[in-house]
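Subject: Handover of a structure

Dear colleague,

Please find the structure below, together with its sequence. The notes that follow set out what was found in it.

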Amino acid sequence: MYRWRSKHREEMAAKSREYYAKHREDVRRRAYCRYWENPEEHRAQRRKYVARWRSKAVKAAQEWKKRNPEKVAEHRRKYREKHREQRLEEQYQRRIRKRLGVSAGSISPSAIAQLLNAAKRCPDCKCILTSDNRSVDHIYPLSRGGLHTLFNVRIVCRSCNSRKHTNIPEQVPLGSFGG
Ligand SMILES: [Zn+2]
């Protein structure tokens, strides 16, 4: 029976579509009556059906992911790429709020993206910047009350950024920060 059904699925679907098109009003009225004969039961059935369908869909998605790990990785990579600047900004905002208890400026993700893309060489060590080694540096460090604004950031390589830590560069006058 099951076999027969799966073999003739298309046929059956076409037939029932045809029937429905011809008897639309009847079908609807009957369904409506059936529903109101026992609405509770119908709603319960409906919930069951949806739950079963949903768990089936979830399972199918999980299996697809298992079968296509490289597609999943590619999708994740693209997602991360697309949201990189947004994430960066959120990270800064979190850090600032944690340290200062208030927000201290903001830079739009597109402005950060522009800065990052325009930076070709690290201003400190002169190495070539790539998407892997570039990082946003706060000239006057956030930990010392520096603001997260376009005037207080520059793009340096990661190793220079971590080396600098929280030292304030001497050549930068304090009065030039803010926003
Ligand atoms: Zn550097």
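I begin with a single residue, A111, which lies in helix 7 (residues 109–118). A111 is partly exposed, because 15 other C-beta atoms lie within 10 Å, and a residue counts as partly exposed when that number falls between the limits of 12 or fewer for exposed and 20 or more for buried. A111 and L150 are 39 residues apart in sequence, yet their C-alpha atoms are 8.1 Å apart in space. Please bear in mind throughout that this is a predicted model.

Overall organisation

The protein chain contains eight helices and two strands. In sequence order, these elements follow the pattern α-α-α-α-α-α-α-β-β-α. Of the 179 residues in the protein chain, 12% are buried. Among the contacts with a separation of 6 or more, 58% join residues 24 or more positions apart.

Confidence

The mean pLDDT of the protein chain is 81, and 87% of the residues score at least 70. Confidence is highest in strand 2, at 92, and lowest in helix 1 (residues 2–7), at a mean of 71. Over residues 170–179 the pLDDT is below 50, although this stretch has 13 contacts in the model beyond near neighbours in sequence. Where pLDDT is low, the predicted coordinates should not be read in detail.

The two strands

Strand 1 (residues 134–138) and strand 2 pair in the antiparallel sense, over five bridges. In this pairing, V136 stands opposite I155 of strand 2, and D137 stands opposite R154 of strand 2. Strand 1 is largely enclosed by the rest of the structure, because four of its five residues are buried. Strand 2 is mostly covered, again with four of five residues buried.

The nonpolar core

Which residues make up the largest nonpolar core? This core has nine residues in all: I107, I112, C122, L129, V136, V153, I155, V156 and C157. Strand 2 (residues 153–157) gives the most to this core, contributing four residues. One core member, C122, touches C127, L129, V156, C157 and C160, with residues up to four places away in sequence left out of the count.

The loop before strand 1

K126 is found in the loop between helix 7 and strand 1. Is K126 buried or exposed? K126 is exposed, because 9 other C-beta atoms lie within 10 Å, and 12 or fewer is the limit for that class. Although K126 is not a glycine, its phi is positive, at about 70 degrees. You may wish to look at this backbone angle in the structure above.

Helices 2 and 5

Helix 2 (residues 9–22) has 14 residues and should span 20 Å at 1.5 Å a residue; its end C-alpha atoms are 20 Å apart, so the two values agree. Helix 2 is hardly covered, with a count of zero buried residues among its 14.

Helix 5 (residues 69–82) also has 14 residues and reaches 20 Å from its first C-alpha to its last, close to the 20 Å expected at 1.5 Å a residue. As for its surroundings, helix 5 is hardly covered, and the count of buried residues among its 14 is zero.

In summary, the two strands pair in the antiparallel sense, and strand 2 gives the most to the largest nonpolar core. Helix 2 and helix 5 are hardly covered.

With kind regards

Conventions. Residues numbered from 1 in each chain as written. Predicted model: local features only at pLDDT ≥ 70, side-chain atom pairs only at ≥ 80, totals over all residues. Expected span 1.5 Å × (residues − 1). Core = buried A, V, L, I, M, F, W, Y, C linked by C-beta atoms within 7 Å. Contact = placed C-beta atoms within 7 Å. pLDDT = per-residue confidence, 0-100. Pairing = 2+ DSSP bridges.
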